[in-house]
Amino acid sequence: MEIAKKISEFLSRVQELLLGGGEKSIKKQKAQGKLTARERLELLLDQGSFLEIDLFVEHRARSSSLQNKKLAGDGVITGVGKIKRRPVTVFAQDFTVAGGSLGQGHASKIAKIMNTAKSSGVPLIGLNDSGGARIQEGVGALAGYGDIFYLNTKLSGVVPQISVILGPCAGGAVYSPALTDFVIVVQGISKMFITGPEVIKTVIGEEISMEELGGAKTHSEITGNVHFLAEDEESAFKIIKQLLSFLPSSYQELPPEIPPEEPLKKFDITSVIPANPKETYDVLDIVKSIIDGSNFLEVQQHWAKNIIIGFGRLNGKVMGIVANQPYYLAGVLDVNAADKASRFIRFCDCFNIPLLTLVDIPGYLPGVDQEHAGVIRHGAKVLYAYSEATVPKLTLIIRKAYGGGYIAMCSKHLGADFVAAWPTAEIAVMGPEGAANILYRREISASDEPEKLRQQKITEYQEQFANPYVAASQGFVDAVIEPESTRDILVEMLTLYYDKQRDKTGKHHGNIPL
Amino acid sequence: MDKIKLIIDFTEYSTLRFKYSRPGIIYPHNTPHEIVVPIPGIIKQVLVKTGDVIKRGDVILVLEAMKSYNKIIADHPGKITEILVNPGDRVIKDQVVVKMD
């Protein structure tokens, strides 16, 4: 009987803790259109797979108004579970408990589960819904944040880290997500900022709404802080499942392979690429006609749209795809596009994901605006990231590959294993018009018919240099290929290089321009 | 919303994703009353005239920049009240080229 009593007491303790902040707070959470932390875990994880850790942890706010209060789980639920039968570690901040505020106990729970992720080599998923530091715990709360940032950094490149923003996240609360690999926001629910509208108004007098300052749309389109924009919470969890299907559980594993599938889209180069090289087209049509099942998970779809990044499969094997998008800003490399591509390249390199680069780039974007925004430093990231990457690197030059842009987009010179070009490729130091104006400036200005001579020189240059054969004659392009055979050739080359020897250096780490 | 097929461990799942919107078309600086160019270049073609009633997605003009003809497309519906450029004009980034009401 004694044992039965102990068990029933245990169950009643658990029952109380499972209620979080209590019915009233839960009702409030619901009224805001938000799910509770436990409902979120239920939607995210395979049914019945969650094992909670640290349910009984209590807050450490001694000598304060909280002293005699109980905070269920100290405002965060942590544990291990499974997503599509693969183990993951998770934490979900519980806004119903003291606004999900972060105190020392709360932070130590998160730190513990992060260490579990590291030692067991499984991804970490954080569901963030917190008002920030718990003021009553003072510097202890700051210490908690510091510990989490430190571990986020230690986990970086060891296991994939995914953050979902499911409420207002301010101050310290946004830096942990910012240190992780992927951040997902939900329309209408997510808000992220370092200082909120109130503080901004008091300190510098600017008035802005929470949504405009740091809402889901702002971060998806303007700041580039987030990677996926979900319509609602449920879609956010679906995105996680989809994303994980492309990722290995740790850097020591290969990404999950599945049976190959033919692309759904059929290849018809003449319908994709316009005859006039100045006309634009949508490079996604080409991506989708190369990859398995035309199934492409685009990352940062709404930001720096002049470059496209995302995951797809080639012959069942996961690839990270980087492609210039001629449809937006002519596909130029600018500050944001360079940042977007570089971080993605480095992610793929961390987690053994081969890179496929599709090139159609007129160059780096010229202008005072870009120069003063630091396009040198940002553009250099792309050079660095591609040179540093030791995963298999395949490159396809579709059309334009001019100047520095040619070098940057995973050229042979930056260590590409295989560079193919279509017969439509134009690989040259600069465009025909610019080149003719510079090379024949004197002749043109001395001519009786300058415009006619200019056009003639442009045509001459175009015929002589705007093709793949000059580069191929020097071995900078490995093969000029028929567009119809692209997928077959890329599959063959991926198979060849898949088990490529990856050199490791003994240095501490490089110093990428940031 | 678009349904995308997802295969994990040989099992098929369906997942919802935002319907793929054609990119390249809408540049973020446009307001309901002004259309601006996103990069410096030369106006190749103006496809609207004063008084035209346009809808979201209509091509307003073609900007030759970075070796490409870039379509500048209306982000908002409205009526064209003023066209500030002609074909051949050189324009700078963020320059207002068309006004609407």
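The legends below describe close-up views of a predicted model.

**View 1. Strands E2(A) and E3(A) form an antiparallel hairpin.**
Strand E2 of chain A spans residues 76-83, and eight bridges join it to E3(A). One facing pair is Thr78(A) and Phe91(A), the latter in E3(A). Two residues lie between the strands of this hairpin. Lys84(A) takes a positive phi near 45 degrees there. Strand E3 of chain A covers residues 86-93 and is mostly covered. Seven of its eight residues are buried.

**View 2. A right-handed β-α-β unit is built from E3(A), helix H4 and E4(A).**
Helix H4 of chain A, residues 104-120, is the helical part of the unit. Strand E4 of chain A takes in residues 124-130. E3(A) and E4(A) run parallel and are joined by four bridges. Ala92(A) has Leu127(A) of E4(A) as its bridge partner. On its other pairing, E3(A) runs antiparallel to E2(A). Strands of a sheet pair through backbone hydrogen bonds, in either a parallel or an antiparallel manner.

**View 3. Phe246(A) and Phe311(A) form a stacked ring pair.**
Over all chains, the structure holds ten aromatic pairs. In this one, the ring centres are 5.9 Å apart. The planes meet at 20 degrees, under the 30-degree limit, so the pair counts as stacked. Phe246(A) sits in the loop between helix H10 (233-244) and H11 of chain A. Phe311(A) belongs to strand E10 of chain A, residues 307-314. The pair therefore ties together parts that are 65 residues apart in sequence. Both partners are covered: Phe246(A) is buried at 2% relative accessible area, and Phe311(A) is buried at 0%.

**View 4. Phe347(A) and Phe351(A) make a tilted pair.**
Their ring centres lie 5.0 Å apart. The planes are at 45 degrees, so the pair is tilted. Phe347(A) is buried, with 6% relative accessibility. Phe351(A) is buried too, with 0%.

**View 5. Ring pairs link phenylalanines of chain A into a cluster.**
The cluster includes Phe246(A) and Phe311(A), the stacked pair of View 3. Phe347(A) and Phe351(A), the tilted pair of View 4, also belong to it. The other members are Phe182(A), Phe228(A) and Phe344(A).

**View 6. Two lysines of chain A sit over tyrosine rings.**
The charged end of Lys317(A) sits over Tyr498(A), 4.9 Å from the ring centre. The charged end of Lys457(A) sits over the ring of Tyr440(A), with 4.5 Å to its centre.

**View 7. Thr280(A) touches residues of both chain A and chain B.**
Thr280(A) lies in the loop between helix H11 (269-272) and helix H12 (283-290) of chain A. Its relative accessible area is 11%, under the 20% limit, so Thr280(A) counts as buried. Beyond residues up to four places away in sequence, it touches Pro274(A), Pro326(A) and Tyr327(A) within chain A. From chain B, it touches Ser68(B), Tyr69(B) and Asn70(B). Strand E7 of chain B spans 68-73.

**View 8. Chain B contains an open antiparallel sheet of four strands.**
The strand order is E7-E6-E4-E9. Strand E7 (68-73) and strand E9 (90-91) are the edges, each pairing on one side only. Inside the sheet, strand E4 (residues 41-46) and strand E6 (residues 59-65) of chain B run antiparallel. Four bridges join them. Ile43(B) stands opposite Leu63(B) of E6(B).

**View 9. Chain B as a whole has ten strands and zero helices.**
From the N terminus on, its elements run β-β-β-β-β-β-β-β-β-β. Of its 101 residues, 42% are buried. Among contacts with a separation of 6 or more, 49% join residues 24 or more positions apart. The chain exposes about 5,300 Å², and carbon and sulfur atoms supply 53% of that area.

**View 10. Arg441(A) is an exposed residue of helix H18.**
Helix H18 of chain A covers residues 441-446. The relative accessible area of Arg441(A) is 56%. That value is over the 50% limit, so Arg441(A) counts as exposed. Arg454(A) is 13 residues apart from Arg441(A) along the chain. The C-alpha atoms of these two arginines are separated by 8.8 Å.

Definitions and conventions. Residues numbered from 1 in each chain as written. Chains lettered and ligands numbered in written order. Predicted model: local features only at pLDDT ≥ 70, side-chain atom pairs only at ≥ 80, totals over all residues. Heavy atoms only, no water. Buried < 20%, exposed > 50% of the residue type's maximum accessible area, 1.4 Å probe, protein only. Contact = heavy atoms within 4.5 Å. Phe/Tyr/Trp six-rings, centres within 6.5 Å; stacked < 30°, edge-to-face > 60°. Lys NZ or Arg CZ within 6 Å of the ring centre and 35° of its normal. Pairing = 2+ DSSP bridges. Right-handed = clockwise from strand over helix to strand, strands pointing away. Areas by Shrake-Rupley, 256 points an atom, 1.4 Å probe, with all protein chains shown as cover.
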